[in-house]
Amino acid sequence: KNCQLYSSVYIRETYTLFRPVYYLITIFLLCNFAYLVSLKDKIKANDYILLTSLFFVIIGVVLLFQQRIIVEEFNGSEDTIIFYLTIVFDVIFILSFIFHKRK
């Protein structure tokens, strides 16, 4: 853990950079639970798959932003592959949405 010494007292900082990701995953799981319990007959499976794909795209974008913050804090270099994968997520989602609307 990150500890700093201030006048003979150690102060620990809480690492909270991944909280938004965990919040999104929790919302995603709650939506899945709601679908299984009560919305299964009201929402088509294809629509729900599209919705869950949107959740994954949002989680990927949030992870990209969180990576940027962490890299800046530790003076590291960014991973460009993650950036390009996020773009690929977005393109795949848009193509899925277009394909879904054509049916």
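Modeller: Let's start with surface patches: they are built from residues with over 30% relative accessible area and no salt bridge, joining like charges within 9 Å and nonpolar side chains (Val, Leu, Ile, Met, Phe, Trp, Tyr) within 5 Å. A salt bridge here is a side-chain nitrogen of Lys or Arg within 4 Å of a carboxyl oxygen of Asp or Glu. Areas come from the Shrake-Rupley method with a 1.4 Å probe, and for residues only the protein chains shown count as cover.

Biologist: Okay, which residues form a nonpolar patch on the surface here?

Modeller: Phe 83, Tyr 84, Ile 87, Val 91, Ile 94, Leu 95 and Ile 98, with about 660 Å² of accessible area together. Before you lean on that, this is a predicted model, where local features need pLDDT of at least 70 and side-chain atom pairs need 80 or more, while totals for chains, interfaces and linings use all residues. Residues are numbered from 1 along each chain as its sequence is written, and side-chain values use heavy atoms, leaving out hydrogens and water.

Biologist: What is the overall pattern along the sequence?

Modeller: Helices (H or I, at least four residues) and strands (E, at least two) are DSSP runs numbered from the N terminus. This chain has three helices and two strands, in the order β-β-α-α-α. Val 91 from our patch lies in helix 3, residues 80-102.

Biologist: Is Val 91 buried or exposed?

Modeller: Buried is under 20% relative accessible area, exposed is over 50%, and partly exposed is in between (1.4 Å probe, protein chains only). Val 91 is partly exposed because its relative accessibility is 43%. Ala 45, in helix 2, is partly exposed too, at 44%. Gln 67 sits in helix 2 as well, residues 45-73, but counts as buried because its relative accessible area is 19%.

Biologist: What does Gln 67 touch?

Modeller: Contact means heavy atoms within 4.5 Å. Leaving aside residues up to four places away in sequence, Gln 67 touches Glu 78, Asp 79 and Ile 82. Chain-wide, among contacts between residues at least 6 apart in sequence, 59% join residues at least 24 apart.

Biologist: How far apart are the end C-alpha atoms of helix 2?

Modeller: The expected span is 1.5 Å times one less than the number of residues. Helix 2 has 29 residues and should span 42 Å, and its end C-alpha atoms are 42 Å apart, which agrees. Just after helix 2, Asn 75 takes a positive phi of about 55 degrees.

Biologist: And how much of the chain is buried?

Modeller: Of its 103 residues, 19% count as buried. The accessible surface comes to about 8,400 Å², with 67% belonging to carbon and sulfur atoms.
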